[in-house]
Amino acid sequence: MTPVRRRNTLCIVITLALGGGVSAILPAQTPAPRRNIDSLLARMTLEEKFGQLNLPSVDNRPSAEQLELLRKGLVGGFLNLTGAAATRETQRVAVTESRLGIPLLLGYDVIHGYRTTFPIPLAEASTWDPAAVEATAHAAAREAAAAGVNWTFAPMVDVARDPRWGRISEGAGEDPYLGSVLAAARVHGFQGADLRAPDAVMATAKHFAAYGGAEGGRDYNTVDVSERTLREIYLPPFRAAVEAGAGSIMTSFNEIAGTPSHANRWLVTALLRGEWKFSGLVVSDWTGVEELRGHGVAGSRADAGKLALETGVDMDMVSRIYVDDLPALVRAGRIPVATVDAAVRRVLAAKAALGLFDDPYHGATVEREQAVLLAPEHRKLAREVAREAIVLLRNEAALLPLTSARHTVAVIGPLADDKSAALGSWPGHGDPRDAITPLEGIRARAGEGTKVVYAKGCGITDSAAAGIADAVALARGADIAVLVLGEAGDMSGEAASRSTLGLPGVQEQLLEAVQGTGTPVVLVVMSGRPLAVAWAAEHVPAIVQAWQLGVETGHALADVLFGDVSPSGKLPVTVPRSVGQVPIYYNHKNTGRPPSAEKYTSKYIDLPVSPLFPFGYGLSYTSFEYKDLKLSAPSITPNGKLRVSVTVTNTGAREGAEVAQLYLHDEVASVTRPVRALAGFQRVPLKAGESRTVDFEVGAKQLGLYDQNMKFTVEPGRVRVFVGGSSVGGLEAEFEVRR
Ligand code: GLC
């Protein structure tokens, strides 16, 4: 281990002069690290101050030029530098070869795993299991921290109502309540109880804000939403992440109603720091500072930098504007040095919170890295969470689970044996060779008496249909055909918006041809977004939404297909019938002319307005009944609490887990309200025949709205309550809010 020898003999004792800066990041029970940031600040040159705000990206290792910048004190952190050996060497240079020896933040996108690739976040959202989501974030942090990463650019908490947008795969779907619960779970998983721990990394809630509202579902596109929609739909998961103690926030590329987020002082300073009291670090997204010129709100690099810094963006990722262009503006009196100092303090506070002034390596060693990466317990966790993420959408005549009576199983499709697709769009250091494909999983699980045969059938996106005939022949000779269709990993994620939502290429043709053989078909959809599989929903007896499940894809899928575990996933997004319905989401408004048989109402003349599969929906191999819906009172005061209880019974012949969901509808208010809004959920594992009473608590947080003056308030009036297994139907009750 390279001893950390400080160049300066001064043993830096830093006690935070930030008035809660670090304690806001660290839970109260952890003593704030003792560093006097002000005395360090007082010793810094202006260039060194901007150096702390400079966040270059490395291409595997720092270049000679980047190391020179580092030695001059002109780098506050690097992104994309990973590996215990490389990060230790670079930290050593930082703390022993620069004048002040300030350690580096080392950031990396640990979106759904570092080396062990877990299900994509949208798949994890389908578990509706905050404990599972926290566990995978913690396992990912353990691996990343062992590799020298001390900062992750995750969780991505953007609400997405438009599945054309590729980044829907990185988030928790369309609902602010579910998104908020999972945002907090991920922050806790990444940061743990103490950021100084060797298995903790600082979390970043991104992309602030409303990035998922891009017009046309086209990435980076204009967002034009009202402040009410911003506050009620897009902001809650960020607030939940802040309240969970997220150490940093990343601003988004997009504008909101004319103001790009990197220049949105109201958003970053008035709301985030003022209203929410966030005292952590704000980092730009990639060249977001420079892109203020593209947005047309800055005429030069220096102007863009000034605008972003004064907005409250502390660190400039990649564009090097802060460190190159802003010292001159300070010297010209165009930027107050106090503005610079405030940003530098927040960067230093984050480093102190991570304990980097005591241990720049944050516990990372090559031995530790080798011990934890792809640890067996991480693979086991990946399989467990992947099982829960699988959503059973259709199961006519109980075709599933597969029984040993199915002697020949034909596994068909371009994704059946595709290792990289299983890892999704952002696997970090995940290695496709680690992945178990659906074919491998089915082969490993099928019993002695079952023969598994395979045909690719066609490509993912190409138009070659020559392979369909072989696949059809194979299906004809089998007792059941499992078709694994959908998207490649790079067809969702960043800069991967689609204009259609169907099965790509000639996959639909393959599906219809195999279905036409009469052999029963199970469709497994592997995708980073919901796909409009309308034909399948009418003709194919069994449909499973498998998203992209990570390294244990094949085993988890086989566990469900063969019935070792009952599927329990629920949709975190609406599945449209057609791209023409988009944006389509469950928590929509009623309008003055809600759709009906009546002509002059809000509907299409060529398609039902209802979704193919609704938010919150998912089947099981057993069945559940809801009864005895009870409210603790017929009315509550605006700041009162109401307890809602319901009894859930497993009425089937086998175990299963149900996700009981609570929705509210405020019938009459000063502003229009969604027809339903998720206000609570609980996963309820039940044995066959078992019943359990589930309790929810309802209060101002779920009942409040932003009135016509944008004041958050709970208004009197009648509220409808719905409790069930999806956002449609369920038991109903009502209560009053009375002043
Ligand atoms: C990308 C993404 C952001 C990511 C950052 C660093 O452009 O928008 O999510 O964290 O750059 O890789």
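Strand 11 and strand 16 (residues 542–545) run antiparallel and are joined by 4 bridges. This pairing, like everything below, is read from a predicted model. Within the pairing, Leu392 of strand 11 has Val544 of strand 16 as its bridge partner. Strand 11 covers residues 391–395, and 5 of its 5 residues are buried, so the strand is largely enclosed by the rest of the structure.

Beyond strand 11 the picture changes at Ala397, which lies in the loop between strand 11 and strand 12 (408–412). Ala397 counts as exposed because its relative accessibility is 77%, above the cut-off of 50%. Its phi is positive, about 55°, although the residue is not a glycine.

**Helix 21 and its surroundings**

Strand 16 is also one of the elements against which the buried residues of helix 21 pack. The others named in that packing are helix 16 (376–389), helix 17 (438–445), strand 14 (480–486) and strand 15 (521–526). Helix 21 spans residues 553–561 and is mostly covered, with 9 of its 9 residues buried. Among them are the polar or charged side chains of Thr553, His555 and Asp559. Leu557, Val560 and Leu561 are also buried in this helix. Just after helix 21, Gly563 takes a positive phi of about 85°.

**The ligand site**

How many residues surround the ligand? The shell holds 13 residues, and the closest are Asp109, Arg167, Lys206, His207 and Asp285. By class, the shell divides into 7 nonpolar, 1 polar and 5 charged residues. Three side chains place polar atoms at short range from ligand oxygen atoms, as tabulated here.

| Side chain | Distance to a ligand oxygen atom |
|---|---|
| Arg167 | 2.8 Å |
| His207 | 2.6 Å |
| Asp285 | 2.6 Å |

Taken alone, the ligand exposes 310 Å², and the protein buries 94% of that area.

**Thr204 and the cis peptide bonds**

Thr204 belongs to strand 5 (residues 204–208). Is Thr204 buried or exposed? With a relative accessible area of 0%, Thr204 is buried. Its side chain makes a polar contact of 2.9 Å with the side chain of Trp151. The Thr204 side chain also reaches the backbone oxygen of Thr152, at 2.7 Å. Leaving aside residues up to four places away in sequence, the contacts of Thr204 include Phe153, Ala154 and Pro155, as well as Ser248, Ile249, Met250 and Val283.

Two of these contact residues, Ala154 and Pro155, are linked by a cis peptide bond with omega near 10°. Pro155 sits in the loop between strand 4 (151–152) and helix 7 (176–191). Another cis peptide bond joins Phe208 and Ala209, with omega about 5°. Ala209 is in the loop between strand 5 and helix 8 (227–234). As background, most peptide bonds are trans, and most residues other than glycine have a negative phi.

Asn60 departs from that phi pattern: its phi is positive, about 75°, and the residue is not a glycine. Asn60 is placed in the loop between strand 1 (54–55) and helix 3 (64–71). At 51% relative accessibility, Asn60 counts as exposed.

**The open sheet and Gln661**

An open sheet of 5 strands has the order 18-26-25-20-21 with mixed pairing. Strand 18 (635–636) and strand 21 (677–686) stand at the edges and have a single partner strand each, so one side of each lacks a neighbour in the sheet. Within the sheet, strand 20 (residues 656–666) and strand 25 (residues 717–724) run antiparallel and are joined by 6 bridges. Asp666 stands opposite Val719 of strand 25.

Gln661 is found in strand 20. Gln661 counts as buried because its relative accessibility is 0%. What does the side chain of Gln661 reach at 3.2 Å? The partner at that distance is the backbone oxygen of Val659. The backbone oxygen of Gly725 lies 3.0 Å from a polar atom of the Gln661 side chain. Gln661 is separated from Val187 by 474 residues in sequence and by 23 Å in space, C-alpha to C-alpha.

Conventions: Residues are numbered from 1 along each chain as its sequence is written. This is a predicted model: local features need pLDDT of at least 70, side-chain atom pairs count only at pLDDT 80 or more; totals for chains, interfaces and linings use all residues. Side-chain values use heavy atoms; hydrogens and water are left out. A residue is near a molecule or strand if one of its heavy atoms lies within 4 Å of it. A polar contact is a pair of N or O atoms within 3.5 Å; within protein, one must be able to donate a hydrogen and the other to accept it, and residues adjacent in sequence count only if both atoms are side-chain atoms. Accessible areas come from the Shrake-Rupley method with a 1.4 Å probe; for residues, only the protein chains shown count as cover. Two strands pair if DSSP finds at least two bridges between them. Helices (H or I, at least four residues) and strands (E, at least two) are DSSP runs, numbered from the N terminus. Buried means under 20% relative accessible area, exposed over 50%, partly exposed in between (1.4 Å probe, protein chains only). Contact means heavy atoms within 4.5 Å.
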